[in-house]
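Grab a pencil and work through the exercises below with the structure open beside you. Each task comes with a solution that goes step by step.

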Amino acid sequence: MLTYRSGSSKKEILLSGDKIKSRIKTAGFHEYEWEVDAVERVIGSWVNGFRKKAKQYNLEIDFVGNRQERAENMNTFYEITEKDVLELKPGRLILDEYYIECFVIGSEVGKLDNQSRKVQRKAKIYAPYPFWIHKKTYKFKKGNIGNQTESFLDYPYNYEYDYMGNIKGVGRIENTEIASCNFEAIIYGPVTNPRFIINDHIYEVKTKVDEGDYLVINSADGEVVRMRKNGLQVNEFNNRNKSSSIFEKIAPGSNLVSWNGEFGIDISVLAERGEPICK
């Protein structure tokens, strides 16, 4: 299943349905490339490292139906994706369990097939950060009794299981990828100076989170933000514990989580791949 979720309006459009059909196999989603930083030698070269540029995909989309249906769906796709470009807020192209943040920066009109009632367009997808991400969320409740997990991009269904039984303030999170990955933590108030530990690493913010408010730590964006129940956002970056990096990534494998159990916390592991997993 392929879906585009707007970064600005949060609206979604299904790109693999009956009226909108995408040619996923020809889009190049499983193509990736590292650039080599190397110095030439008399024979061969010295490799200093690798880097990645932004990635562009060309996604062919068929808009199917009568003239009105095709027009409505093409206009909807344009308006949703164009708003993200104008507001500089990347949307998410979601392929099954993985997503990549991107902009739709152009579209080429293809042939009109009146017999099959189909218009073909080729959308140019620009991904400034060329990694596909799988988000898996582990929920630790206040005064908890174990933890639960949910997956698949915050959709409204959960996959729950208990890791640690009846042990207050202790749980585990898993990074199944081969490298350390980013995370997002959401701490729910009320709590003062919230602190949690992953393995032996301390994550702490010296602030007060009131009832109904929550604190977001995002290592990918380098942000620490307190969200108030009235909708205001408070930047808490300077109140982080500076002696222990609050953006330390999650190591591969099973990671022990501990906290005092006096607040609820969700920890999302953002596993990254150069291509979505092959199935």
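## Warming up with Arg 195

Arg 195 is partly exposed, with a relative accessible area of 37%. Here, buried means under 20% relative accessible area, exposed means over 50%, and partly exposed is in between (1.4 Å probe, protein chains only).

A quick note before you start: this is a predicted model, where local features need pLDDT of at least 70, side-chain atom pairs count only at pLDDT 80 or more, and totals for chains, interfaces and linings use all residues. Residues are numbered from 1 along each chain as its sequence is written, and side-chain values use heavy atoms, with hydrogens and water left out.

## Exercise 1: a charged pair

Task: Find which side chain meets Arg 195 in a salt bridge.

Solution:
- Start with the rule: a salt bridge is a side-chain nitrogen of Lys or Arg within 4 Å of a carboxyl oxygen of Asp or Glu.
- The partner is Glu 204, at 3.9 Å from N to O.
- Now check the cover: Glu 204 counts as buried because its relative accessibility is 8%.
- For the full tally, the rule gives 16 salt bridges.

## Exercise 2: the sheet around it

Task: Work out the strand order of the open sheet of 4 strands.

Solution:
- Strands are DSSP runs of E with at least two residues, helices are runs of H or I with at least four, and both are numbered from the N terminus.
- Two strands pair if DSSP finds at least two bridges between them.
- The order is β12-β21-β15-β16, and the pairing is antiparallel.
- At the edges sit β12 (170-175) and β16 (201-204), each pairing on one side only.
- Zoom in on β15 (residues 195-198): 4 bridges join this strand to β16.
- Ile 198 stands opposite His 201 in β16.
- Asn 199 lies in the loop between β15 and β16. Phi of Asn 199 is near 55°, which is positive in a residue other than glycine.

## Exercise 3: rings that meet

Task: Decide whether the aromatic pair of Phe 196 and Tyr 203 is stacked or tilted.

Solution:
- Rings of Phe, Tyr and Trp (its six-membered ring) pair if their centres lie within 6.5 Å; planes under 30 degrees apart count as stacked, over 60 as edge-to-face and the rest as tilted.
- Phe 196 and Tyr 203 have 5.0 Å from centre to centre and 5° between the planes, and the pair is stacked.
- Both Phe 196 and Tyr 203 are buried.

Task: Now say what kind of pair Tyr 57 and Trp 132 make.

Solution:
- The ring centres of Tyr 57 and Trp 132 are 6.2 Å apart and the planes stand at 55°, so this pair is tilted.
- Tyr 57 belongs to strand β6 (residues 55-64) and Trp 132 to strand β10 (residues 132-140), so the pair links parts of the chain 75 residues apart.
- Tyr 57 is buried at 1% relative accessibility, and Trp 132 is buried at 0%.
- Add Phe 29, and you have one aromatic cluster with Tyr 57 and Trp 132.

## Exercise 4: a bridge between distant parts

Task: Find where Lys 19 and Glu 69 lie in the chain.

Solution:
- Lys 19 is in the loop between β2 (12-14) and β3 (20-22), while Glu 69 is in helix α1 (residues 67-87), 50 residues apart.
- Their salt bridge has its closest N and O atoms 3.4 Å apart.
- Lys 19 counts as partly exposed at 32% relative accessibility, and Glu 69 is partly exposed too, at 26%.

## Exercise 5: backbone oddities

Task: Tell which peptide bond is cis, with omega near 5°.

Solution:
- Go to the bond from Gly 189 to Pro 190, which is cis.
- Pro 190 lies in the loop between β13 (182-188) and β14 (191-192).

Task: Say whether Leu 88 is buried or exposed.

Solution:
- Find Leu 88 in the loop between α1 and β7 (91-95).
- Leu 88 has a positive phi of about 55° although it is not a glycine.
- With 68% relative accessibility, Leu 88 counts as exposed.
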